[in-house]
Amino acid sequence: MESFAVENVSFCYPNRTDKALKEINFTVNQGEFVLLCGKSGCGKTTLLRLLKSSLSPYGEIEGNIYFNGKILANYSVREQASGIGFVMQNPDNQIVTDTVWHELSFGLESLGYKQSEIRTRVSEMASFFGIESWFYQKVTELSGGQKQLLNLASVMAMQPSALILDEPTSPLDAIAAGEFLKTLEKINRELGTTVILTEHRLEEAFPVADKVLVMDEGKIVADATPEEVGRILKSQNHDMYKALPVPMRVHGEIKNPLPCPLTVREGRAWLEEFSKENTLNIDAIPKDVLKEDREIVIEIKDAWFRYKKDLPDVLKGFSVRVGKGELFCLVGGNGTGKTTALSLMSGLNTPYRGDVLIKGQAISKIKSLYDGLLSVLPQNPQSVFVKKTVYLDLMEILSEKKLTREEKEEKIQNISVLCRIENLLDSHPYDLSGGEQQRAALAKILLMEPEILLLDEPTKGMDAHFKEEFAEILTDLKANGVTILMVSHDIEFCAAYADRCALMFDGSITSVDTPRAFFKGKNFYTTAANRMARTRLSDAVLAEDIILACGGKTEKREKQSGKMQWYTVERENKPQKEKIKKLTPARVAIGSLFALLFALTSLALLPGCDVCKWIGINFSGSAIVQIVLIIEVAVACVCFFPQKDIGIEVIQAPKSDRKLTKRTLIATFLILLLIPVTIYVGLFFFGGRKYYFISLLIILETMIPFCMVFESRKPRARELIVISVLCAIAAVSRAAFFMLPEFKPVVSLIIIAGVCFGGETGFLVGAITGFVSNFFFGQGPWTPWQMFAFGIIGFIAGILFKKGLLRKTKTSLCIFGFFMTFVVYGGIMNPASIIMWQNKITWEMILSACIIGMPMDAIHALGTAFFLWFISEPMIDKLERIKVKYGLVER
């Protein structure tokens, strides 16, 4: 029976024209082990996430996906959670609790299993995966391999029939990755669980697979057994052929009648059989050449380091010397101190004993370490991104360099082509795949043009094709005198391209040598080629060594010399400059009018001016005149200095299509009639004593228009979480600024919610914020009034933005926020202070309350405008990116 069946599936992300998946068709039988491979960005992760609805990306999908003979979308969330397991690439992204035992039981608790059943399953999984010795540990104390094993065990505790894994071994060292894949094979063989795995390390994953799918540019180019896939890729001369296991590549490059080997054991047997009929030429294996007279650029002498005084040492007598123009690779298991050693070289940490020298000078005495001298590519590429597009991130690096705009554009064009990100420049860095993020981060670091380059796991997530291009980049950098120190788990890459390699263990280096001398003879930290050929060709370290010794020929990629000379390449669809509205005659006329009014108002306040006497009112020193002056200046500035729209650029609908929907009209009726009636009933029939009941009733009434947003579908958890977080931020921000009366960011956050997610959501966020924040400030008869005042501002913001009357510019939002806070909030709360406490109410009382409250309302309004100016752009950028990416609420 088929576990998964994918029929004619195509997928396109929002705001993109190219489809990420194109006419995908394949089947996975129950109990099969399927390996999905392909170059970075080819659509592997997108395809895997579509196989579990709760993780599916938002976009346009065509075709059908079946699970156990039934359309996947027809399964409930609970059925998919228990039936389909998913293990992500980064183990930290999936762990949700603080201890191992709790993480194992979390999924079962969420599914509502009885405690006895949970204990039984957790104990079974702990025994099966060998977790007993660290069962009670905190997850922060685990290594990367243990965390990934914990994620796998937590998923398997729910007994899924299918298991999906997205590059689970990418953060692991070679030994831990091998152990993880063996555990995965054990699950497949002994439990009969269907396994679908994406992986760039194919040496150990390829042999255990029953079927291999190869993707390229959103299409499946091969779907067959591992042996057949090897022949297909060889015949197509496909780039993925270089990623195949060493025994398969050696067999494919040498004419022989023997069957194709998959594993190292089979490869060794093949070599034995081949050598019986053919003579192996040991002299054909290249020799390492090491320059002895390099200038020492990085030197660490007997460094000892610990993160806290009461913690054990991470580095213990660590010493290393790296020469100019050298590629020095540091390998070793997780937790041996490799990344910590890099932190000493980069100046982020300081050893409590020992010296760190850069070009012969103590690193603590170098003032401009990162000004062209040293750059670091961290293990997590996301940590280098600070802008909302890849293009802006690259431009940010060049912002401090004295270059013209054209020169900056040229550099970005060149580096984007060099790192193969020319089609990703308009994307948000966090929306890229792991390999694409790695290439984008590399491009940003290379733009700094450093003399010393420190790389922490740079090949993580890279496909085999780009690894060769990356090696060429490093070769050209070395030729230009750049010193490179690289920490890596990619043994094959280090063996092929390093000048020297070093093994770290227990905080210090245990061995250093040239690649062939370093890797030959080792059992674990060595290459597949060396394990395969050591009985016949002890000096062979690379697949190319075996091929040459067997009389074959290796095809070297034609090297494009001078890759780092910043050649110019035309790029289609250049990122457009930020669009700023031009001055129009209408703007000039309105701006001039308000500027004239400002001048006249100012003249009227001068001593000896009789304008006020002509009117018959003395406004001198009045708060009203000050507010009028502020409004006149603000309107004039908006007209004369138009700003760019913030957030994602949206094509504005024609005016004829901006009519409010029936849903919005019903919501308007509920908000403007039902809620005021509720407040009236609570005030005059309950005397304001049942304010808790009235507040909860208002919340229920605000939920009605909010739920109408989703129409026939159920709101998803991710939608409710975003809105809940907005409510929480607004409520907490009101409490955080308690020491500044009325100067708070609450209204600004409510306006942002309304603009981003619509009027109904804006009202809900405002009403809940008023209710929850009063737990800090005190509940009372005023709570329903505040809920309504906050909510109506969010509702009006959403309606006006939808109608095109409110623009997403800082100035427009600030003016709107000022008016709404002063007029609407003040206009509701000032009369409410009379209505709540007076039996006989007169218009004079209400007018008096409004006038008395004007100074505080002005402070409140100015505070709203102040916070909108500073937080509107970053918050709207992030909220709209999340909204479009996940299809939240309504677009």
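**Cavity, sheet and confidence: a conversation**

Trainee: What is the volume of the second largest cavity?
Mentor: Happy to start there, and do keep in mind that this is a predicted model. The structure holds two cavities of 30 Å³ or more. For the second largest cavity, the computed volume is about 30 Å³.

Trainee: Which elements give two or more residues to the lining of that second largest cavity?
Mentor: Begin with the lining itself, which includes Phe26, Val28, Val34, Leu36, Leu47 and Leu48. Ile196 and Leu213 belong to the lining as well. Grouped by element, those giving two or more residues are β2 (21–29), β3 (33–38) and α1 (44–50).

Trainee: How many residues in the lining of the second largest cavity are nonpolar, polar and charged?
Mentor: Val28 and Leu213 are among the lining residues, and Val and Leu count as nonpolar. Sorting the lining by class gives no polar residues, no charged residues, and a nonpolar count of eight.

Trainee: β2 also belongs to an open sheet; which are the edge strands there?
Mentor: Four strands make up this open sheet, paired antiparallel, in the order β2-β1-β4-β5. An edge strand pairs on one side only, and that holds for β2 and β5 (70–71).

Trainee: Which residue of β5 stands opposite Tyr66?
Mentor: Look at where β4 (residues 60–67) meets β5: the two run antiparallel and are joined by two bridges. Opposite Tyr66 in β5 stands Ile71.

Trainee: Is Ile421 buried or exposed?
Mentor: Ile421 is placed in the loop between α13 (405–418) and α14 (434–446). Its contacts beyond four places in sequence are Val390, Leu394, Ser416, Arg439, Ala440 and Ala443. Because its relative accessibility is 0%, with the cut-off at under 20%, Ile421 counts as buried.

Trainee: What distance separates the C-alpha atoms of Ile421 and Arg439?
Mentor: Arg439 is one of the contacts of Ile421. Along the chain the two are 18 residues apart, while their C-alpha atoms are separated by 7.1 Å.

Trainee: In which element is confidence lowest?
Mentor: Overall, the mean pLDDT is 83, and 86% of residues reach 70 or more. Confidence is highest in strand β8 (residues 194–198), at 95, whereas the lowest mean, 51, belongs to helix α21 (residues 611–615).

Trainee: How many contacts beyond four places in sequence does the model have for residues 566–580?
Mentor: Some care helps here: where pLDDT is low, the predicted coordinates should not be read in detail. Over residues 650–656, pLDDT stays under 50, and the model has five such contacts. Residues 566–580 also stay under 50, and their contacts beyond four places in sequence number 33.

Technical notes: Residues are numbered from 1 along each chain as its sequence is written. This is a predicted model: local features need pLDDT of at least 70, side-chain atom pairs count only at pLDDT 80 or more; totals for chains, interfaces and linings use all residues. Side-chain values use heavy atoms; hydrogens and water are left out. pLDDT is the predictor's confidence in each residue, from 0 to 100. Contact means heavy atoms within 4.5 Å. On a 1 Å grid over the protein atoms alone, a cavity is a set of points where a 1.4 Å probe fits but cannot get out, and a pocket is an open set with protein on both sides within 12 Å along at least five of seven lines; lining residues have an atom within 4 Å of a point. Grid points are joined across faces, edges and corners, and a volume is the space filled by probe spheres set on the points. Two strands pair if DSSP finds at least two bridges between them. Buried means under 20% relative accessible area, exposed over 50%, partly exposed in between (1.4 Å probe, protein chains only).
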